[in-house]
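Here's a quick tour of one corner of a protein model. Have the sequence and the 3D view open, and follow along as we go from strands to turns to a pocket.

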Amino acid sequence: ARFDAIEVGRVEMLRLPTTPDSGTEDLSPTAFTWPELPIPVEIERPKVDEVALDAPVLDGPARFSVEGAARLGDPATGLSLDLSIVRTDDTPGNLTAQMRYVPDTQRLTTKLRLDEPEGGMFARLAGMTGLPAVTADLSGDGPLDDWHAELILSGGDDLHLGQRLRPAELDHLRRVPRHSQVRAQGGHVVHHARREPPVGHD
């Protein structure tokens, strides 16, 4: 089934959703089964003219458009996604991303490019001090058990990273403290955590 276009005029988010903490939620992973479709599904041009995030969502309002393409087929064809996000308010910025995944070979191919000035959405989401300009390039390819990527990431004086990443390195980066300095030195990722002042001291 092919859809030439699916268009949405405006989506507005006033605040982040809240969920009750039951304290007994099972967070263990579950096995994923690729859906069996009678025919491939292809959306040539999905588009949202405007996504409006109110200030409580990102500690500041943001508006952007979303456009792309998507295809979901059988395990031999897999999934492909193309995405373009462009700021439409007074703060420029854009993100483009492509992803291809084939279940039969478990091969994943990704490309991502982010370019935002000071005060951008990525810096707000990451809680970066001073909300610096951020640029990022990511290119990844390979089967899931040997997937690797080249990442170049820059964000003001606190973040400079150029590294070949594998799943082990990605797990290391997830453990970097939120307020930290990350630099690439001699081909290795080095991070310097900022020490917060003790509570109750000026």
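Let's start with one pair of residues: Asn94 has Asp115, in strand E8, as its bridge partner. Keep in mind that this is a predicted model. From that pair we can look at how the strands line up, and then at a pocket.

**Strands side by side**
- Strand E7 covers residues 94-102, and E8 covers residues 107-116.
- E7 and E8 pair up in the antiparallel sense, with nine bridges between them.
- E7 also pairs with strand E6 (residues 79-87), again antiparallel, this time through eight bridges.
- If you want a spot to check in that second pairing, find Leu83, which sits opposite Ala97 of E7.
- A handy thing to know while you look: side chains in a regular strand alternate between the two faces of the sheet.

**The turns**
- E6 and E7 make a hairpin, and six residues lie between the two strands.
- In that turn, Gly93 has a positive phi of about 150°.
- E7 and E8 make a hairpin too, with four residues in between.
- Here the residue with a positive phi is Gln106, at about 55°.

**A pocket to find**
- The second largest pocket has a volume of about 200 Å³.
- It is lined by 14 residues, and those closest to its centre are Leu95, Glu116, Met121, Phe122 and Leu125.
- Our three strands turn up again here: E6, E7, E8 and helix H2 (121-126) each give two or more residues to the lining.
- What classes of residue make up the lining of this pocket? Ten are nonpolar, two are polar and two are charged.

Methods. Residues numbered from 1 in each chain as written. Predicted model: local features only at pLDDT ≥ 70, side-chain atom pairs only at ≥ 80, totals over all residues. Heavy atoms only, no water. Pairing = 2+ DSSP bridges. 1 Å grid on protein atoms, 1.4 Å probe; cavity = no way out; pocket = protein on both sides within 12 Å on 5 of 7 lines; lining within 4 Å. Points joined across faces, edges and corners; volume = space filled by probe spheres on them. Nonpolar A, V, L, I, M, F, W, Y, C, P; charged D, E, K, R; others polar.
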